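Biologist: Could you put the model on screen and take me through it? I would like to go from the overall picture down to single residues.

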Amino acid sequence: MTVETQLRALGAHIDRDQRSITVDDIRRSASLADSVVEDLQFRLTTEPNGFDEGVDHEMQVGVPAPDQTAGITFRRTSLLLTAAAILLAFVAGLVVANESGDDSPATRPATTSTEAEPQPAPSLDAEAEASLSPAEVIEEYREALNAKDLDAVIALFTEESTFSGHPAMYDGSGLTSIRALHAIDTAMTTDFDAYEFRNVETIGNTVTWDHHRTNADGDVDCGEGHRAVVDDGKILSWTYAPQFGEETCR
Amino acid sequence: MGRREADDTEFADFVAAHEKRLRQAFTSMWGPDRGREIAIDALSHGWENWDRVRSMDNPVGYLYVVGRERSSRNRWRREQPVADFPLPSDSRSPWYEPALPALLENLSERERQVVVLLHAFEWSLSEVAELLEVSKSAIQTYADRALMKLRSGLGVRS
């Protein structure tokens, strides 16, 4: 039997066993992403700093999808595959909520009526913050990341701050999105050591840097070419490193 | 979300017409399980952005790029993504050498994608070239190289 014939047999096997994708599958996928985001927002509003250290390989999602009757366990890989979908569901929800004042379950964070949105707690007083140079603001940012102090991270941004090019959340703006981005990042990489920021350079209000960190298994997380525009002690825009991942680290 | 019913119908028609092509495109890279997941992810993006995607000249090509980028751009995926093709599992399966899946998994991503699309899913050279945005002659080169490796691995001449 030729290789081509065997490949056709393999293709027939896959065609037989692989289910078609329906619109319901797609909607369910989006609903799962919504559930993850709702759980994320629930954690952000009920846990002072977003995530505890134990969230690593699995996270229990307490908001069931429409076809589920109990909480869902997301393994890391499943969450990763839907990470970008999270952004879409998340941003779409925010846009709708902002534009229409919609308070439907799809756009409302999974909080009780007595739970208030967390208010960012500034790490420095406003005057001291404003006096920081752009490079010092980025150093504050690094220290906040390494302390896993989400409030301190958020205090370095404004509601008008933007981010772009993030591997999971792509582009976005506002403190809620930025908080979610950092919470996801923290939750997914809890076993990594502290961030090193290398090659930090400042031109005017723009700071560029590379990041580098490792874990006990020797895995490396790095990115080259982060760029932030800083003004008055706040990061106005942050463009994620265009080069990242293990290929970059080598 | 305020989506009009007509949009839903149009998107459902789009899925019915194109999901198999997207599913096979990603399956050729990573095998049936992950391939299907990535196709769903790409189509979810299409659903969330249907107003924009529907007006594109080549929405399928766009969603292919979305899925490909999302599957490869995840910096948190520490392990190298591994393709996973099924063994011939039972007597209902058309027969092929049990070594074939592992040999496919050891090809380069591009070789694997080309040879699976061409010979397992029986796409034409033009269709594969259009999807991967390379010339037909380059596709033929990838296919020849992949077939040579598979023949060598299986110990067959043809």
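Modeller: Gladly! Helices (H or I, at least four residues) and strands (E, at least two) are DSSP runs, numbered from the N terminus. Residues are numbered from 1 along each chain as its sequence is written, while chains are lettered from A and ligands numbered from 1 in the order in which they are written. This is a predicted model, where local features need pLDDT of at least 70, side-chain atom pairs count only at pLDDT 80 or more, and totals for chains, interfaces and linings use all residues.

Biologist: Thanks! What pattern does chain B follow along the sequence?

Modeller: Chain B has 8 helices and 0 strands. Read from its start, the pattern is α-α-α-α-α-α-α-α.

Biologist: What average pLDDT does chain B have?

Modeller: pLDDT is the predictor's confidence in each residue, from 0 to 100. Over residues 75-79 of chain B it stays under 50, yet 88% of the residues in the chain score at least 70. For the model as a whole, ipTM is 0.90 and pTM is 0.54. The pLDDT average for chain B is 86.

Biologist: Which helix gives the largest share of the largest nonpolar core?

Modeller: A nonpolar core is a set of buried Ala, Val, Leu, Ile, Met, Phe, Trp, Tyr and Cys residues joined through C-beta atoms within 7 Å. A residue is buried if 20 or more other C-beta atoms lie within 10 Å of its own, exposed if 12 or fewer, and partly exposed in between, with C-beta atoms placed from the backbone. The largest core has 45 residues, and B:Leu22, B:Ala39, B:Ala42, B:Leu43 and B:Val114 have the most contacts inside it. Its largest share, 7 residues, comes from helix H1 (residues 5-30) of chain B.

Biologist: Which residues of chain A does B:Leu43 touch?

Modeller: Two residues are in contact if their C-beta atoms, placed from the backbone, lie within 7 Å. Leaving out residues up to four places away in sequence, B:Leu43 touches B:Val15, B:Glu19, B:Leu22 and B:Leu63 in chain B. From chain A, its partners are A:Ile21 and A:Ile26.

Biologist: Over to helix H6 of chain A: why do its buried residues lie on the same side?

Modeller: The buried residues of H6(A) are A:Pro134, A:Val137, A:Ile138, A:Glu140, A:Tyr141 and A:Leu145. They share a side of H6(A) because the directions from the helix axis to their C-beta atoms cover an arc of only 155°.

Biologist: Which residue just after H6(A) takes a positive phi?

Modeller: This residue lies in the loop between H6 and H7 of chain A. It is partly exposed, with 19 other C-beta atoms within 10 Å. Its phi is about 50° although it is not a glycine, and its name is A:Lys148.

Biologist: Where in chain B is B:Glu122 found?

Modeller: B:Glu122 has a phi near 60°, a positive value in a residue other than glycine. With 13 other C-beta atoms within 10 Å, B:Glu122 is partly exposed. Its place is the loop between helix H6 (109-120) and helix H7 (125-132) of chain B.

Biologist: Do S7(A) and S8(A) run parallel or antiparallel?

Modeller: Two strands pair if DSSP finds at least two bridges between them. A:Asp231 has A:Lys234 in S8(A) as its bridge partner, and the hairpin has 2 residues between the strands. S7(A) and S8(A) are joined by 5 bridges and run antiparallel.
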